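Biologist: Please take a close look at one part of this structure for me, namely the aromatic ring pairs, and describe how the rings are placed and how much of each residue is open to the outside.

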Amino acid sequence: MIKSIIPFYIICVGLYILFSRKPDFQDGEITTGSIHYITDSTNKSVPKAVFSIGKDEYAVNAGYVFRNLKEGQTVQVIYETSDPSKAALYSWWGYWLQWDELLGSILIPVVFLFIAKEITARPTPEALLEEMDMRKPRKRKNDDDI
């Protein structure tokens, strides 16, 4: 059963990742930007990817778990053409693969597996009797003749 679940899991997660990215990779435009550390309202230095479209300049949050960026580093940014302020760093870690989605996609099936095992581990006596009745061979029409 596990052998049939794993390909199903990979297909479902792959399709989810493919069609849930914002901004959409099919409709979005990719440009280059550079990393600048900007102080936010809590006086903490936060990496921002700064890119320009025409005369306008935009800054997108580039900080992400396990992502190390250096000041002035050139990065790819994907943005929506209708609203360039809705942009994201275009990279495997953070755009395509996100830690919360990966963790959830692994934990949810594992939790359901344990719940299913707990439910079926201690069946009620009525369920056992019903299962035993189902296993009894049915009498055929000509069984009495033998």
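Modeller: A residue counts as buried when its relative accessible area is under 20%, as exposed when that value is over 50%, and as partly exposed in between. The model is a predicted one, and a search of the whole structure finds eight aromatic pairs in it. One of them is formed by Y64 and W93, whose rings meet edge-to-face, with 5.9 Å from centre to centre and 70° between the planes. This pair links distant parts of the chain, since Y64 sits in the loop between β3 (56-61) and β4 (74-79), while W93, 29 residues apart from Y64, sits in the loop between β5 (87-89) and α2 (99-121). With a relative accessible area of 21%, Y64 falls in the partly exposed class, and W93 is likewise partly exposed, at 26%.

Another pair is made by Y90 and Y95, and here the arrangement is tilted, the centres being 5.2 Å apart and the planes standing at 55° to one another. An angle counts as tilted when it is neither under 30 degrees, which would be stacked, nor over 60, which would be edge-to-face. The two partners fall into separate classes of accessibility, because Y90 is partly exposed with a relative accessible area of 24%, whereas Y95 is buried with a value of 2%. Both tyrosines also belong to a cluster, in which ring pairs link F25, Y90, W92, Y95 and W96.

Methods
Residues are numbered from 1 along each chain as its sequence is written. This is a predicted model: local features need pLDDT of at least 70, side-chain atom pairs count only at pLDDT 80 or more; totals for chains, interfaces and linings use all residues. Side-chain values use heavy atoms; hydrogens and water are left out. Rings of Phe, Tyr and Trp (its six-membered ring) pair if their centres lie within 6.5 Å; planes under 30 degrees apart count as stacked, over 60 as edge-to-face and the rest as tilted. Helices (H or I, at least four residues) and strands (E, at least two) are DSSP runs, numbered from the N terminus. Buried means under 20% relative accessible area, exposed over 50%, partly exposed in between (1.4 Å probe, protein chains only).
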